[in-house]
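Reader: I am new to reading structures. Please pick a single part of this one and take me through it closely, step by step.

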Amino acid sequence: MSKALEPITAMFGIFANKSKANKVYTNLLPSLEFIMTMKGPNSAEARGLLAILAGLPASGAKSINFKKKYLKEPNAWKNLPKDPGDIPFGYWH
């Protein structure tokens with residue numbers, strides 16, 4: 001992907017760069033756990049963090065698989081591994 005398109009793709013939640021997606025994931029997960037515990041899954045903060053998380057996987061089938069496995073059910077996010085490197089093949093970058 002060209003450098004010129006990176007701001008546009010990031011704006012739409014498409015993280016083509018695995019290392020950037022991993023960094024965001026690693027930083028976002030503790031915040032998600034805290035917000036879900038303190039404010040619940042229906043809070044604006046929780047929905048926002050889940051939306052960011054949904055935009056992290058590579059586009060296409062991996063993104064769809066990630067959303068089905070970790071975001072479709074209300075408590076499925078609890079199955080997210082601490083390390084993005086532990087996310088199974090076909091669900092991440």
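Author: Just after helix 2, G40 takes a positive phi of about 90 degrees. Keep in mind that this is a predicted model. Now step back from G40 into the helix itself.

Helix 2 covers residues 18-38. It has 21 residues. From its first C-alpha to its last, helix 2 reaches 30 Å, close to the 30 Å expected at 1.5 Å a residue. Still, there is a bend. Helix 2 turns by about 30 degrees at L28. A proline, P30, follows within four residues.

Next, look at which residues of the helix are hidden. A21, N22, Y25 and L28 are buried in helix 2, and so are L29, L32, I35 and M36. What lies over them? The cover over the buried residues of helix 2 includes helix 3.

Now the core. The largest nonpolar core has 17 residues. Y25 and L32 are among those with the most contacts inside it, and so are L53, F66, L80, I87 and W92. Helix 2, helix 3 (44-54) and helix 4 each supply at least two residues of this core. The largest share, 7 residues, comes from helix 2. In general, nonpolar side chains tend to be buried together in soluble globular proteins.

Take L32 as an example. Set aside its neighbours within four places in sequence. L32 is then in contact with A46, L49, L50 and L53. W77 and L80 are also in contact with L32.

One step along from L32 is a charged residue, E33. The side chains of E33 and K82 meet in a salt bridge, at 2.6 Å from N to O. This pair links distant parts of the chain, 49 residues apart. E33 sits in helix 2, while K82 lies in the segment after helix 4 (61-70). Side chains of opposite charge can pair when their charged atoms come close.

Is each partner buried or exposed? E33 has a relative accessible area of 27%, so E33 counts as partly exposed. K82 is exposed, because its relative accessible area is 59%.

A search of the whole structure finds 2 salt bridges. The other one is formed by K39 and E45, with the closest N and O atoms 2.9 Å apart. E45 is partly exposed, with a relative accessible area of 36%.

So follow helix 2 once more: a bend at L28, then L32 buried, then E33 paired with K82, and finally G40 just after the helix.

Conventions: Residues numbered from 1 in each chain as written. Predicted model: local features only at pLDDT ≥ 70, side-chain atom pairs only at ≥ 80, totals over all residues. Heavy atoms only, no water. Salt bridge = Lys/Arg side-chain N within 4 Å of Asp/Glu carboxyl O. Buried < 20%, exposed > 50% of the residue type's maximum accessible area, 1.4 Å probe, protein only. Core = buried A, V, L, I, M, F, W, Y, C linked by side-chain atoms within 4.5 Å. Contact = heavy atoms within 4.5 Å. Expected span 1.5 Å × (residues − 1). Bend = angle between axes of the 7 residues up to and from the residue.
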